[in-house]
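Please look over the chain below before reading on, and keep the sequence beside the picture as you follow the report.

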Amino acid sequence: MTAVLKAKAVPNAGRRAVKVGRFSIAALMDARGAMMVDDVAETFSMTKAQLADTVGLAPAVFQKSSRRDGPKAQSRVREMLEIINLVQGWAGGAAQAMAWYRAEPIPAFGGRTAEALVKSGEA
């Protein structure tokens, strides 16, 4: 992403987390560029199992680092965050963008939601 949005850091056992408002995708990446799944889930007040369901993965995927850091899991989480990042400006923030992502049918995509597109790997 080209724009870096405001993020509010919150201390959490040595990890950097971001509270929902406006967020930066970069703030949810580690030094290797991998999405920090724990922080993403915390940002949106979800469990890792809920996050897995939101991106169309089995809950067990986020339980082991080898699967969590795999290309499919990383790609799905990144796609979700990119979509939310794109719409949060006009949606009124990240929480509203997440609501749109999950519930708003997109006519150009056959009435499927952004969530459905990410889940099917078509984002």
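The report below goes from the overall fold to one pair of packed helices, and then to the salt bridges and a single threonine.

## The chain as a whole

This is a predicted model, and every value given here was computed from it. The protein chain has six helices and two strands, and when the elements are read along the sequence they follow the pattern β-β-α-α-α-α-α-α. Of the 123 residues in the protein chain, 40% are buried. The protein chain exposes about 6500 Å², and carbon and sulfur atoms supply 56% of that area. Among contacts between residues at least 6 apart in sequence, 40% join residues that are at least 24 apart.

## Two packed helices

Two packed helices are described by the angle between their axes and the distance between the axes. Helix α4, which covers residues 71-91, packs against helix α5, residues 94-103, at an angle of about 115 degrees, and their axes are 8 Å apart. The crossing in which α4 passes α5 is right-handed. On the α4 side, the contact is made by Met80, Ile83, Ile84, Val87, Gln88, Trp90 and Ala91, while α5 contributes Ala94, Gln96, Ala97, Met98, Trp100 and Tyr101. Sorted by character, the residues of this contact between α4 and α5 comprise eleven nonpolar, two polar and no charged ones.

## Salt bridges

Side chains of opposite charge can pair when their charged atoms come close. A search of the whole structure finds seven salt bridges, and the table sets out three pairs with their N to O distances.

| Pair | N to O distance |
|---|---|
| Lysine 48 and aspartate 38 | 3.4 Å |
| Arginine 102 and glutamate 115 | 3.7 Å |
| Glutamate 122 and arginine 112 | 2.9 Å |

Where do the partners lysine 48 and aspartate 38 lie? Lysine 48 belongs to helix α2 (residues 48-54) and aspartate 38 to helix α1 (residues 37-43), so this pair ties together parts that are ten residues apart in sequence. Lysine 48 is partly exposed, with a relative accessible area of 25%, and aspartate 38 is also partly exposed, with a value of 32%.

The side chains of arginine 102 and glutamate 115 meet in another salt bridge. This pair links distant parts of the chain, with arginine 102 in helix α5 and glutamate 115 in helix α6, 13 residues apart. Is glutamate 115 buried or exposed? Glutamate 115 has a relative accessible area of 10%, and because buried means under 20%, glutamate 115 counts as buried. Its partner arginine 102, at 38% relative accessibility, counts as partly exposed.

In the pair of glutamate 122 and arginine 112, glutamate 122 lies in the segment after α6 and arginine 112 in the loop between α5 and α6, so the salt bridge ties together parts that are ten residues apart in sequence. Glutamate 122 is partly exposed, with a relative accessible area of 47%, and arginine 112 counts as partly exposed at 32%. Elsewhere, salt bridges that share partners join Asp30, Arg32, Arg68 and Asp69 into one network.

## Threonine 113

Threonine 113 is placed in the loop between α5 and α6, the latter being residues 114-119. At 14% relative accessibility, threonine 113 counts as buried. Which residues does threonine 113 touch, not counting residues up to four places away in sequence? Threonine 113 touches Tyr101, Arg102, Ala103, Glu104, Pro105 and Ile106. Two of these names return from earlier sections: Tyr101 takes part in the contact of α4 with α5, and Arg102 forms the salt bridge with glutamate 115.

Definitions and conventions
Residues are numbered from 1 along each chain as its sequence is written. This is a predicted model: local features need pLDDT of at least 70, side-chain atom pairs count only at pLDDT 80 or more; totals for chains, interfaces and linings use all residues. Side-chain values use heavy atoms; hydrogens and water are left out. Axes are lines fitted to C-alpha atoms, for helices over the stretch in contact, and angles run from 0 to 180 degrees between N-to-C directions. Helices (H or I, at least four residues) and strands (E, at least two) are DSSP runs, numbered from the N terminus. A crossing is left-handed if the near helix is turned anticlockwise from the far one by less than a right angle, and right-handed if clockwise. Contact means heavy atoms within 4.5 Å. Ala, Val, Leu, Ile, Met, Phe, Trp, Tyr, Cys and Pro count as nonpolar, Asp, Glu, Lys and Arg as charged, and the others, Gly among them, as polar. Buried means under 20% relative accessible area, exposed over 50%, partly exposed in between (1.4 Å probe, protein chains only). Accessible areas come from the Shrake-Rupley method with a 1.4 Å probe; for residues, only the protein chains shown count as cover. A salt bridge is a side-chain nitrogen of Lys or Arg within 4 Å of a carboxyl oxygen of Asp or Glu.
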